[in-house]
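Student: Got a minute to go through a model with me? I'd like to start with the overall picture and then poke at a few spots.

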Amino acid sequence: MSIRVIKPGLLTLIQDQGRFGFRKYGVVTSEAMDPMALRIANMLVGNAEQLATLEMTLTGAELAFEHDSLIAITGADLSFTINGERLPMWRPIFVRSGTVVKGGGCRTGCRAYLAIAGGIEVEQVLGSRSTYARAGMGGYQGRSLQAGDYISVGEPANVTRAFLEKWDNRLAKQTSLRSWTSVDWSVSADCLATYRRNPQVRISRGTHFSLFTSESQQNLFQSPYKITPQSDRMGYRLQGAMLDLVEPIELLSEAVAFGTIQVPAEGYPIILLADRQTTGGYPRIGQVATVDLPILAQMKPGEEIMFTEIERDESEKLLMEREQFFIELQQGILLQMMR
């Protein structure tokens with residue numbers, strides 16, 4: 001079973017939850033930019049959460065499905081259509097063999113995730129199928145997808161196969177030969193309130209927060225910062241009020257995380273993201289709350305961020321609540337699929 005790439009869009013990569021356990025050797029984690037959208041996309045097609053999906057940035061790919069498939073599209077709205085009909089998001093969609101799914105321009109957000117029942121099948125590198133294009137590692141030949149590529153798909157789970165059969169029979173009974181259909185339920189809009197334009201992003205104080213001037217500390221939480229065009233999956237470079245140290249300091253390189261906010265010598269912060277390096281030697285003024293990483297993933301160059309302070313204990317509590325949400329969501333989706 002495979003998918004043929006007709007047009008790849010601006011940047012389409014195979015991504016999963018990343019490769020872990022190798023950062024001490026200098027190996028980048030390279031995970032999905034929006035872990036929430038990836039996990040929900042996999043849930044909607046009955047996949048295990050860690051299976052690989054397609055991550056598309058700013059423009060959607062055009063894909064030909066060469067077998068009957070169950071797909072789901074989450075994250076940004078990249079104007080996906082089949083035969084000119086807009087595709088719904090955040091719900092399972094059944095597509096027949098020979099169907100072409102066509103992506104377009106970005107309506108909202110920045111990155112869309114397309115999951116297919118069975119998951120994208122490429123060779124694992126250090127336990128992950130994620131693409132780290134800078135090193136030519138993982139994904140499809142270590143690069144973004146190109147026109148003419150064929151992507152292999154794994155075998156769907158048992159519950160998904162039963163779900164596919166039910167929807168295939170429903171299509172067969174319809175008088176018009178439609179090439180796709182979708183269910184009448186989706187992820188609740190209340191659950192997607194995470195995504196909003198020019199949002200406030202919650203951060204806790206970083207290791208070196210106290211080394212910055214009091215004015216810089218105030219600026220961090222009171223001034224907007226614009227994402228510059230020099231931003232990518234490695235990090236968002238921000239433009240706004242300068243952040244100055246009380247006095248120059250030399251630091252040893254230390255481990256960094258998804259969402260670490262570093263401040264280079266010029267005084268403008270950088271938020272480290274999915275393709276971040278393993279260590280950093282710049283002062284760390286803040287750390288983005290894990291639950292707000294999806295917000296960053298869906299922001300585009302030119303948009304503004306406002307930071308608001310959160311205690312680490314509260315950040316951990318919010319993360320535990322998010323994980324409980326995922327457990328309940330997965331149970332609800334499985335119940336709907338088995339109806």
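Tutor: Sure, here is a walk from the whole chain down to some strands, helices and one loop residue.

Student: Before that, what sort of model is this, and how are residues numbered?

Tutor: It's a predicted model, where local features need pLDDT of at least 70, side-chain atom pairs count only at pLDDT 80 or more, and totals for chains, interfaces and linings use all residues. Residues are numbered from 1 along each chain as its sequence is written, and side-chain values use heavy atoms, with hydrogens and water left out.

Student: How many helices and strands does the chain have?

Tutor: Five helices and 22 strands. These are DSSP runs numbered from the N terminus, with helices (H or I) of at least four residues and strands (E) of at least two.

Student: What are the spans of the C-alpha trace along its principal axes?

Tutor: About 75 × 40 × 35 Å. The radius of gyration is 21 Å, which agrees with the value near 20 Å for a compact globule of 339 residues. That radius is taken over C-alpha atoms, and the globule rule is 2.2 Å times the number of residues to the power 0.38.

Student: And how much of the chain is buried?

Tutor: Buried residues make up 54% of the 339. Buried is under 20% relative accessible area, exposed is over 50%, and partly exposed is in between (1.4 Å probe, protein chains only).

Student: What share of the contacts joins residues at least 24 apart?

Tutor: 77%, among contacts between residues at least 6 apart in sequence. A contact means heavy atoms within 4.5 Å.

Student: Switching to helices. Why call H1 largely enclosed?

Tutor: Helix H1 (residues 35–44) is largely enclosed by the rest of the structure because nine of its 10 residues are buried. Among them are Met36, Leu38, Arg39 and Asn42. The cover includes strands E2 (11–15), E3 (53–57), E5 (69–77) and E10 (108–116), plus helices H4 (293–297) and H5 (312–338).

Student: What about the loop between E2 and H1, which residue is found there?

Tutor: Arg23 is one found there. At 22% relative accessibility, Arg23 counts as partly exposed. Leaving aside neighbours within four places in sequence, Arg23 is in contact with Thr29, Val256, Arg276, Gln277 and Thr278. Arg23 and Thr278 are 255 residues apart in sequence, yet 5.8 Å apart in space, C-alpha to C-alpha.

Student: OK, H3 next. Which of its residues are buried?

Tutor: In helix H3 (residues 214–222), Ser216, Asn219, Leu220 and Phe221 are buried. The buried residues of H3 pack against E14, E15, strand E21 (284–288) and E22.

Student: E22 turned up there. Which way do E14 and E15 pair with it?

Tutor: E14 (residues 200–205) pairs with E22 (residues 304–309) in the parallel sense over four bridges, while E15 (residues 225–227) pairs with E22 in the antiparallel sense over two. Pairing requires that DSSP finds at least two bridges between the strands. Gln200 has Met306 as its bridge partner in E22, and Tyr225 has Ile305.

Student: Last one, E12. Which residues make up its covered face?

Tutor: In E12 (residues 150–153), Ile151 and Val153 form the covered face, and Tyr150 and Ser152 the uncovered one. In a regular strand the side chains alternate between the two faces of the sheet.

Student: And who pairs with E12?

Tutor: Strand E1 (residues 2–7) does, antiparallel over three bridges, with Ser2 opposite Ser152. Strand E11 (residues 120–121) is joined to E12 by two bridges, also antiparallel, and there Glu121 stands opposite Ser152.
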